[in-house]
Amino acid sequence: MSKTIIISNRLPVQLQISDGGLTAIPSVGGLATGMKSVHSGGESLWIGWSGLTEEDTPEALESDIDKALEQHGCAKVNLTAKEIEGFYFGFSNRTIWPLFHYFLEYTEFELEFWNIYKSVNQKFADAIIEQSNEDDTIWVHDYQLMLVPQMVREKRPNTSIGFFLHIPFPSYEIFRTMPWREEVLEGLLGSDLIGFHTYDYERHFLSSVRRLLGLDVSFNDIYLDHRVIKVDSFPMGIDYKKFKDAAMVHEGKSKENRSDLQIKLDDHKASAPDTKLILSIDRLDYSKGIAKRINAFEYFLNKYPEYKEKVRLIILAVPSRSNVPQYQLLKKEIDELVGRINGELSTVNWTPIWYFYRSLPFENLIDLYTNSDIAWLTPLRDGMNLVAKEYIATRTDKTGVLILSEMAGSAYEMNEALLINPNNFEQQADTLKRAITMPKEEQMARNMFLQNRLERYNVEVWANEFMNALNRKSEGDETFVSQKMTNAILNKISKEYSTAKKRLLFLDYDGTLTGFHKDPQKATPDAELYTLLDKLHNDKNTTLFLISGRDKQTFTKWFLDKKYNMIVEHGVWISTDGEPFKMLENVKGEWMEKIKPVLESFVDRTPGSFIEEKNYSMAWHYRNTDPDFGEKRATELNTVLTSLIGNDGISVLNGNKVMEVKSSNVNKGRASVRMLGEDDYDFVFAIGDDWTDEYMFQELPETAVTVKVGLKKTQARYFVENTKRVRELLQQFTET
């Protein structure tokens, strides 16, 4: 029976070894909670690090640990202390974390960290391979394991693999600074579905894929060889019911059952009933903007001194990665800031900031959420920020104001909050004043919308939506006109080929028989290709045509002495049996002088583009430009040319990173049909990769075998993945 395998850096259980004994305690984190609906029963397995290094694990307890984890549906990956240092504290948190959060000044590009990161990712992949079958569904989580999808794909090519990134994905300009950027992207592209919290992160990722790997991206689909990788956004929710119910239980507690923290909060409210409590909860991390928030609070008190002794900021900073130097410096900075501000502004009855550097139990978090009038969360960059959602969920009477950084992923869903730029102290001070003075009716109106949305799209819905999208992807919900050229289909076609008495083959060149090159003149035929074409051409029952948009001078140099039949410039020129090229269509070129200055102006304004002048057509190539900029310029050029040429018998052909202007009565379809009429052929075959080849696929009879190279919608009957597969297909023809 197929199962779901979840992979994350840490397992959703905590192992504790004491006095030679072992206990396994389920975690209560957001991911562990969210995956409950996916990780249930005997149909799922969670793989991750147990939290214990090999050095800290007594050999006698190994089997006990495995049994304890098995009871929770888990399996462990063993890591050494050195691996944790290089993989987790090193590459994950000194390279990826600061880079993806836009802190280049903290980013370290250490080769040793990268090598350990790769080896640990391979360990996780090996564990998955060992525990999985081909029909299982695999869901990999977060930035520590970005190479795992491709590592698994290599051994499990048909397995359904999903990946979700829980932190931001940076813009291309930031991401490109990483030395191993291509390897990271290729690792992620082993997935069938890649999920992000917001559309912005998704957009940045797609941009990097296009610019760094040069892959075709259509909307949120990435075309890679024989696969289409889907990219989408799934904003993570919270366990809304858990927080709402906890808040209601909290309200119903008697004085005797209240926590020590709640008793102190009650005493404070009794002594200063008009004081507003402002809550700030974050993990101690430079991306959370805690120091800037404290400075902004001081700025607020100085700008609006009437609120001194009327507000109090509660800061809960949860310890994090305390052995990383930047975090040690950050704690020192915050300690000093809080000490200075409290020292300068405190009165006998009032301390402006209550500062806690610790983790608090769930009960105390509910105390803080329910007692705070304002939640003030201003990360400089944050993948989501679930604290904002948790605060709103606990506001059972719908009062309370959420001030949220627009740099947090949750800001995209929480427009009813007061959204601010965390770098703008003036705006923060004014927004704090607005929050303090906001009427209860407005608070309730805003929070009603927020609560309804958070309750609907909770963490369980998030997990199920991702899994449903992954399952749809694996079931092949993509709609392609053509059918994949499987081995069975190829064998059938090869049999038809071998029994045919007269065969006609049309073979496109660039992108079909050979890959694309930055300089088209360097895409010269190799020895293997010559051998393959010789075999096809020399078969007395086969008529072979190379049919291309190339100019006749280039094909004369490459192929004329081989005496191949050739049609070039999309059907303007023809050469048969080694004869010099002659015109197949009567075309005129007077229009070229009018068009050339337009193309030249676009070359001047589009770095990397160039003009290819042919005898009766002109092509503007933009393969070497920035992909996004090139597409933008191509759209502009198409508009300009269309309006310029009017009804002059000239057409614009949009190819693969090329735009060609030529006579309207010339195309590969017209040329191929003319050749078809020259004899009585009982087997017709045409293959190409570009929009220019669609004319062939449309014009040739339905009995023809038409093949598209690449995964794109087409009029062809079949598709193959790449040029390598094209050559394998033609090689099989020669062997029948």
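The largest cavity is lined by 29 residues. D510, F516, H621, V658 and D690 lie nearest its centre. Three elements each give two or more residues to that lining: β24 (610–613), β25 (617–621) and β27 (658–663). The volume of this cavity is about 390 Å³. The model is predicted.

**Cavities**
- The count of cavities of 30 Å³ or more comes to three.
- H621, one of the residues nearest the centre of the largest cavity, falls within the range of β25 (617–621).
- V658, also among those nearest the centre, falls within the range of β27 (658–663).

**Overall build**
- The protein has 736 residues, and 56% of them are buried.
- Its secondary structure comes to 25 helices and 30 strands.
- The C-alpha trace spans about 105 × 65 × 45 Å along its principal axes.
- Take the contacts between residues at least 6 apart in sequence: 71% of them join residues at least 24 apart.

**Surface and charge**
- The protein exposes about 31,500 Å².
- Carbon and sulfur atoms supply 48% of that area.
- There are 89 positive and 109 negative charges.
- The mean positions of the two sets are 2 Å apart.

**S548**
- S548 is in the loop between β20 (542–547) and α20 (552–559).
- Its relative accessible area is 2%, which is under the 20% cut-off, so S548 counts as buried.
- Beyond four places in sequence, S548 touches D508, Y509, D510, F555, I567, V568, E569, H570 and K668.
- D510 links two topics: it is touched by S548, and it is among the residues nearest the centre of the largest cavity.
- F555, another contact of S548, falls within the range of α20 (552–559).
- I567 and V568 are also touched by S548, and both fall within the range of β21 (565–568).

**Lysines with positive phi**
- K398 is not a glycine, yet its phi is positive, at about 70°.
- K398 sits in the loop between α14 (386–393) and β16 (401–405).
- The relative accessible area of K398 is 26%, so this residue is partly exposed.
- K563 is likewise not a glycine and has a positive phi, at about 65°.
- The loop that holds K563 runs between α20 and β21 (565–568).
- K563 has 48% relative accessibility; the exposed class starts over 50%, so K563 counts as partly exposed.

**G710**
- G710 lies in the loop between β29 (705–709) and β30 (718–720).
- With a relative accessible area of 13%, G710 is buried.
- Outside its neighbours within four places in sequence, G710 is in contact with F719, V720 and E721.
- F719 and V720 fall within the range of β30 (718–720).
- G710 and E721 are eleven residues apart in sequence, and their C-alpha atoms are 4.9 Å apart.

**E43**
- E43 is found in the loop between α1 (30–34) and β4 (44–49).
- E43 has 45% relative accessibility, so E43 counts as partly exposed.
- E43 and G669 are 626 residues apart in sequence.
- In space, the C-alpha atoms of E43 and G669 are 53 Å apart.

Definitions and conventions: Residues are numbered from 1 along each chain as its sequence is written. This is a predicted model: local features need pLDDT of at least 70, side-chain atom pairs count only at pLDDT 80 or more; totals for chains, interfaces and linings use all residues. Side-chain values use heavy atoms; hydrogens and water are left out. Helices (H or I, at least four residues) and strands (E, at least two) are DSSP runs, numbered from the N terminus. Buried means under 20% relative accessible area, exposed over 50%, partly exposed in between (1.4 Å probe, protein chains only). Contact means heavy atoms within 4.5 Å. Accessible areas come from the Shrake-Rupley method with a 1.4 Å probe; for residues, only the protein chains shown count as cover. Lys and Arg count as positive and Asp and Glu as negative; His and the chain ends are not counted. The place of a charge is taken as NZ of Lys, CZ of Arg, CG of Asp or CD of Glu. On a 1 Å grid over the protein atoms alone, a cavity is a set of points where a 1.4 Å probe fits but cannot get out, and a pocket is an open set with protein on both sides within 12 Å along at least five of seven lines; lining residues have an atom within 4 Å of a point. Grid points are joined across faces, edges and corners, and a volume is the space filled by probe spheres set on the points.
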